[in-house]
Amino acid sequence: MTFEDAFYHTPHRRSIKFPHYLPLYERYLRPFQGAAVTALEIGVGDGGFLQVLQTYLGPQARVLGLDCSGPSDETVLVGRQEDLVTLARVKDAAPTLSIVIDDGSHQSAHQRASFEVLFPHLQSPGVYLVEDIQYSYSRKYTGYRHPESFSEYLKGLGDELNAMLVDRAEDLRPTVFTRTG
């Protein structure tokens, strides 16, 4: 089954995704299809995408959600994605994580907080996807080239990934993130 099949042909609650995301999900999630992995979606909404993920990944997968509102149950934790106590609860509920999909608040500080806590918790191999980064460029959120925007944060991570290759940049030192590349 392709990801598009799961998205368009599985009866599920409402799920809104840009159509150009679907081939990307296929590309990055295919290695986990049929495996006993744990996936987390931040920003559950109506829960339709949790159902799509479960269908695509298969019955061996455990699919969890984190949302700031709604009923909490065995698959959906309620809390804010930037809250360290909530993120600790996520780590307790999911001692291993192979997939994280952040479709939460789209606010840079929230994306960064959850990334900094959950990315190191990710298993290898694992995938961490953040949707809607274009909001980083909106003044409503942070704005183009704003030093606190998630897009600028990601540019810094790109530097970190290459820190071991740089021989002249005295202020660019390898980090834990460097070693993940």
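Strands here are DSSP runs of E at least two residues long, numbered from the N terminus. Pro125 belongs to one of them, strand E5. The model described below is a predicted one.

The backbone of the fold can be read from its sheet. Five strands, written 5 in the count, make an open sheet whose order is E3-E2-E1-E4-E5, and the pairing is parallel. At the edges lie strand E3 (76-78) and strand E5 (122-130), each of which pairs on one side only. From one strand to the next, the twist averages 15°.

Two of the pairings can be followed residue by residue. Strand E2 (residues 62-67) is joined to E3 by 3 bridges, and the two run parallel. Asp67 has Val78 in E3 as its bridge partner. On the other side, 5 bridges join E1 to E2, again with a parallel run. There, Thr38 has Arg62 of E2 as its bridge partner.

Helices pack on this sheet. Helix H3 (residues 48-57) touches strand E1 (38-42), E2, E3 and strand E4 (97-102), and its direction makes about 160° with that of E2. Helix H4 (residues 84-93) also packs on the sheet, where it touches E1, E2 and E3; the angle between its direction and that of E2 is about 170°.

How enclosed is strand E2? Of its 6 residues, 5 are buried, so E2 is largely enclosed by the rest of the structure. Leu66 is a residue of this strand. Its relative accessibility is 1%, and because the cut-off for buried is under 20% relative accessible area, Leu66 counts as buried. The contacts of Leu66, leaving aside neighbours within four places in sequence, include Leu40, Glu41 and Ile42, along with Leu77 and Val78. Further contacts of Leu66 include Thr86, Leu87 and Val90. One of these partners, Glu41, is 25 residues away from Leu66 along the chain, yet the C-alpha atoms of the two are separated by 6.3 Å.

The next topic is the open space in the model. Rolling a probe the size of a water molecule over the atoms shows where empty space is left. The largest pocket holds about 910 Å³ of space. It is lined by 32 residues, and those closest to its centre are Phe115, Phe119, Val127, Tyr128 and Leu129. Two or more lining residues come from each of helix H2 (21-29), helix H5 (108-118), E5 and helix H6 (150-161). The largest share, 9 residues, is given by E5. Sorted by class, the lining of the largest pocket consists of 21 nonpolar, 7 polar and 4 charged residues.

The second largest pocket has a volume of about 390 Å³. Among the 20 residues of its lining, Ile16, Lys17, Gly43, Asp103 and His106 are the closest to the centre. This lining divides into 6 nonpolar, 7 polar and 7 charged residues.

His106 also has a backbone feature to note. Its phi is positive, about 70°, although His106 is not a glycine. His106 is placed in the loop between E4 and H5. With 13% relative accessibility, His106 counts as buried, because the cut-off is under 20%.

A positive phi occurs at Asp132 too, where the value is near 60° in a residue other than glycine. Asp132 sits in the loop between E5 and H6. Its relative accessibility of 9% means that Asp132 counts as buried.

Strand E5 carries a further backbone feature. Which residues does a cis peptide bond join? The bond lies between Ser124 and Pro125, with omega about 0°. Pro125 is the E5 residue named at the start.

Helix H6 gives a last stop. Lys155 lies in this helix. Is Lys155 buried, exposed or partly exposed? With a relative accessible area of 40%, Lys155 is partly exposed, because that class runs between the 20% and 50% cut-offs. Between the C-alpha atoms of Lys155 and Phe119, which are 36 residues apart along the chain, the separation is 16 Å. Phe119 has already appeared as one of the residues closest to the centre of the largest pocket.

Methods: Residues are numbered from 1 along each chain as its sequence is written. This is a predicted model: local features need pLDDT of at least 70, side-chain atom pairs count only at pLDDT 80 or more; totals for chains, interfaces and linings use all residues. Side-chain values use heavy atoms; hydrogens and water are left out. Two strands pair if DSSP finds at least two bridges between them. Helices (H or I, at least four residues) and strands (E, at least two) are DSSP runs, numbered from the N terminus. Axes are lines fitted to C-alpha atoms, for helices over the stretch in contact, and angles run from 0 to 180 degrees between N-to-C directions. Contact means heavy atoms within 4.5 Å. On a 1 Å grid over the protein atoms alone, a cavity is a set of points where a 1.4 Å probe fits but cannot get out, and a pocket is an open set with protein on both sides within 12 Å along at least five of seven lines; lining residues have an atom within 4 Å of a point. Grid points are joined across faces, edges and corners, and a volume is the space filled by probe spheres set on the points. Ala, Val, Leu, Ile, Met, Phe, Trp, Tyr, Cys and Pro count as nonpolar, Asp, Glu, Lys and Arg as charged, and the others, Gly among them, as polar. Buried means under 20% relative accessible area, exposed over 50%, partly exposed in between (1.4 Å probe, protein chains only).
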